[in-house]
Each structure stands twice: as structure tokens, then as C-alpha cells.
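Hi there,

Here is the structure I promised to pass on to you. Please open it alongside this note, and I will walk you through what turned up.

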Amino acid sequence: MKGRGIHRLPLIGIAFFALFCGLADEAWAAVESEQPSVRLTVKTSPNAAFASTLIVDSEQWADAVAEGVPEKTDYAPISDTYLTIGDKIYSVDPSYRLYDQENARSIQLNGEMKQKLIGHVLALKSQHYGRLLTWEEAKQVITMKAMFTVLDLETGMRFEVQRRAGSTHADVQPLTKRDTDIMKRIYEGKWSWRRRAILVVKDGQTIAASMHGMPHGGDGIPDNDFNGHFCIHFLGSSTHKTGSIDPDHQTMVHKAAGQLLHYVQHASPTDVAELFFIAINQRDPEIMTAIFPYRNQEQLKRLKQEAAGIIAIRSVSDYAETDSSDLLAIDLPARAVIYRDGFRKMEKSLVFQLRRSSVLQGWTIEDVENGL
């Protein structure tokens, strides 16, 4: 993996990777042509610099798309996977349909090619994302004083750290001044408590995790320009002071495992509302996108624009307990304290309009009454 820009495996590397996954014919065709025009890409967000790419057979996939069953739709799916044929980019939705934004249509591939697509996507995602290990499992890999690599899933930047302390999560420090500089560049030059989805890479293992970017507490590595330590959380890890699980970190851990949509789909209505606040506080538009039904929903676009001017938002709601197991629609009142740059804090009443198409589907936000 490369530390910056789009992550692409060398052609010969793809051939061996594909051979291992049973994709040899397509991979060797790519090697022989040396100028493949079809590729499958996985990245955490449309604008992420870090991406994993697999080159596939151009003629076979171009034909498969041409022979697929099209259906008119205006709804862009929420996806982290893209199939590129020449200059044409198709989003791959969770049901493995292709979405053609230019022509506002979805395409259902025929059975055999759909199965190939599923195999390709699963293999590529397992390469791109980290394993979802509990803290008890993860700390057996990153033992005390262990050195390992942190890779930021949005920028692709990576730096080296050492675990210095921490019993309920990992307290770590950058090894050198250069590592500190890279970490600070990930946070756009300013230390921040914002959580970020990361990969922890150690001894051939890649683990899904979340970090913040604020030096605090004790310092143990001299001459690294980092005054203190920062925290890395894993599945089920908790804070030191309260012993509670930080929902912002846990959301990022699932994102780093490629399971953000799965995490959202199993959230309760109140949890979805809390994810709305998490998305704003962590400056993560992809979390915001995940709790809405479509990427191009008008209400989502408007709320992202409004959220861009918010420094912080805090929920002060006392949600009433409601059995939502048999419901398809809920209007959930909430109160929030909002902080904007140059303005006094304000308290605002919101109403989350939550909907789902069946009791087997996850809750999504149709709209937020009163806006931000």
C-alpha cells in the first residue's frame, strides 16, 4: 500500500492477488494488455485520496453492462464501490446493481456476472478495510511498547507510533518529528479532538480503529515534537475516566472496517438521531450521508450546507422510550445546543422524520424539520 494518493496494486501484484481469489483469467488479461480500461475501486468516500483498485477484463465487463437490465431511477445509492469503464463511472449499490448517474438509471447484471462482481467487491473490500477486532483482541496484537503503523483512510497518509500506556484503549505517541508532522497534516495543521477512521497495521494484520488528534496527558518519547499522547480506540474500547464507550469512536471504528452502512442499518431511531450529531461534530459528511436513504437527496444536500458553518453541536434531548419494532415511521423531537463561529450559542428544537420501507430495513432520515 502507498502512503498517499490513490492506492493501486502493481499489475503483476494484482495478478497474484487475483489468482489467490480465483480471478486469474481476468488479472492475466490485464497484465497482457498493460493498458486496462476497466477497474473496480473501493474508497471510504467519493473524495477520499486513499483507494484500493482491482483491474478487471475490459471486454467482458463492458459487454456485461451492455447486456444488463436497466431501470430508470433518480436516486443515487450510498456506496463506497465504483466500476469504471473507460471514462464512465458506475456506483455499485449494496445489492450490487450499477448506478449510472449521467443517465439516471440502475443496471442489474446477469446472474453469472453479478456473482463475479460480488466476489471482486468482497475481495477488494477485505484488502481495503481493517478487521473488526475487539479491544481485548487488538491489545494482544499491539502489546505495551509495541510499534506499529497508523494509516488514515481518507488521506492515505501513514505514520509510525508506539503504544505507551492505556488499559481500556491504546495511549500512543508518534515515534519521530516526521511522524508528528504527518499526523498534524492529516488534521490540516491544527490539533483536534475530532475522531478519524484509521487502520492499525502490525505484523501483517490490519485492524479497524479510530483516533483523535489532540496531544494530552503524559509524554514519554523525547524529541518527537508531540507533547503528550493521543488515543486509539477499537471495537468496544472505553474511555479511561468514565469507563464508558465513546459512540463517536465506535462509529469511526465501523467505518474503518467498511461496515458503516451495516452499523447504521441496525441503529435504533434515537441512535440514528445521535449519528446526525456525530456526523456534524466529527466533520464527516459520509456519516451524514449514511443516515439518509440516497446520496443525492435534496434535504441531505441542504443539511450538509447548513452543518458546514457549525463548530459544534450538542444534543440535550431526553428521548421518550418508544417501541419502534412494528413501526415504519417516527417523528422524533430533539433539542440541540449549536455553536457557530462568531455567534453566541443557540438552542434549537428539531424534529427528525425517520422512515423505513419495512420492519426488516434500517431507519433513515427523510427530513429534519426546522433545519439547522
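Strand 2 (residues 38-42) is largely enclosed by the rest of the structure, because four of its five residues are buried. Please keep in mind throughout that this is a predicted model. Strand 2 has a partner in strand 5 (residues 81-85), and the two pair in the antiparallel sense over five bridges. One of the pairs to look for is Val38, whose bridge partner in strand 5 is Ile85. Strand 2 also runs antiparallel to strand 3 (residues 52-55), to which four bridges join it. There, Thr41 stands opposite Thr53 of strand 3.

Next, helix 3, which covers residues 58-67. Its buried residues are Trp61, Ala64 and Val65. Looking down the axis of helix 3, you will see these buried residues fall within an arc of 95°, so they line one face of the helix. The face turned away from that buried side carries Glu59, Ala66 and Glu67, which are exposed. At the start of helix 3 there is also a contact from side chain to backbone: a side-chain oxygen of Asp57 comes to within 2.8 Å of the backbone nitrogen of Gln60.

Helix 11 (residues 298-307) can be read in a similar way, with Leu300, Leu303 and Ala307 buried. Down the axis of helix 11, the buried residues fall within an arc of 70°, so they too line one face of the helix. Glu298 and Gln305 are exposed on the other side of helix 11. What do the buried residues of helix 11 pack against? Their neighbours are helix 9 (269-281), helix 10 (285-290), strand 15 (310-315) and strand 18 (364-369).

Now to the nonpolar cores. The largest has 66 residues, and those with the most contacts inside it are Leu83, Leu98, Leu117, Phe276, Phe352, Ile365 and Leu372. Helix 9 gives the most to this core, contributing eight residues. If you centre your view on Leu117, you will find that it touches Leu40, Trp61, Val92, Tyr96, Leu98 and Leu109, leaving aside residues up to four places away in sequence. Two of these contacts lead back to elements described above: Trp61 is one of the buried residues of helix 3, and Leu40 falls within the residue range 38-42 of strand 2. Apart from the largest core lies another, of 25 residues, including Ile142, Val150, Ala170 and Phe226.

On to charges, which may interest you most. Side chains of opposite charge can pair when their charged atoms come close. How many salt bridges does the structure hold? The count is 19. One of them is between the side chains of Asp100 and Lys88, at 2.8 Å from N to O. That pair links distant parts of the chain, with Asp100 in strand 7 (residues 98-100) and Lys88 in strand 6 (residues 88-92), 12 residues apart. Both Asp100 and Lys88 are buried, and for Asp100 the relative accessible area is 0%. Asp100 also meets the side chain of Arg105 in a salt bridge of 3.1 Å, N to O. Arg105 itself counts as partly exposed because its relative accessibility is 27%.

For another setting, try Glu136 and Lys139, whose side chains meet in a salt bridge at 3.3 Å, N to O. Both lie in helix 5 (residues 135-141), three residues apart, or about one turn of the helix. Glu136 is partly exposed, with a relative accessible area of 48%, and Lys139 is also partly exposed, at 23% relative accessibility. Elsewhere, salt bridges that share partners join Lys88, Asp100, Glu102 and Arg105 into one network.

Last stop: Ser237, in the loop between strand 14 (230-233) and helix 7 (247-256). Is Ser237 buried or exposed? At 0% relative accessibility, Ser237 counts as buried. The side chain of Ser237 makes a polar contact of 3.0 Å with the side chain of His233. A polar atom of the Ser237 side chain also lies 2.9 Å from the backbone oxygen of Phe234. Beyond residues up to four places away in sequence, Ser237 touches Trp135, Thr168, His169, Ile245, Asp246 and Gln250.

Happy browsing, and best wishes!

Technical notes
Residues are numbered from 1 along each chain as its sequence is written. This is a predicted model: local features need pLDDT of at least 70, side-chain atom pairs count only at pLDDT 80 or more; totals for chains, interfaces and linings use all residues. Side-chain values use heavy atoms; hydrogens and water are left out. Buried means under 20% relative accessible area, exposed over 50%, partly exposed in between (1.4 Å probe, protein chains only). The arc is that of the directions from the helix axis to the C-beta atoms. A polar contact is a pair of N or O atoms within 3.5 Å; within protein, one must be able to donate a hydrogen and the other to accept it, and residues adjacent in sequence count only if both atoms are side-chain atoms. Two strands pair if DSSP finds at least two bridges between them. Contact means heavy atoms within 4.5 Å. A salt bridge is a side-chain nitrogen of Lys or Arg within 4 Å of a carboxyl oxygen of Asp or Glu. A nonpolar core is a set of buried Ala, Val, Leu, Ile, Met, Phe, Trp, Tyr and Cys residues joined through side-chain atoms within 4.5 Å.
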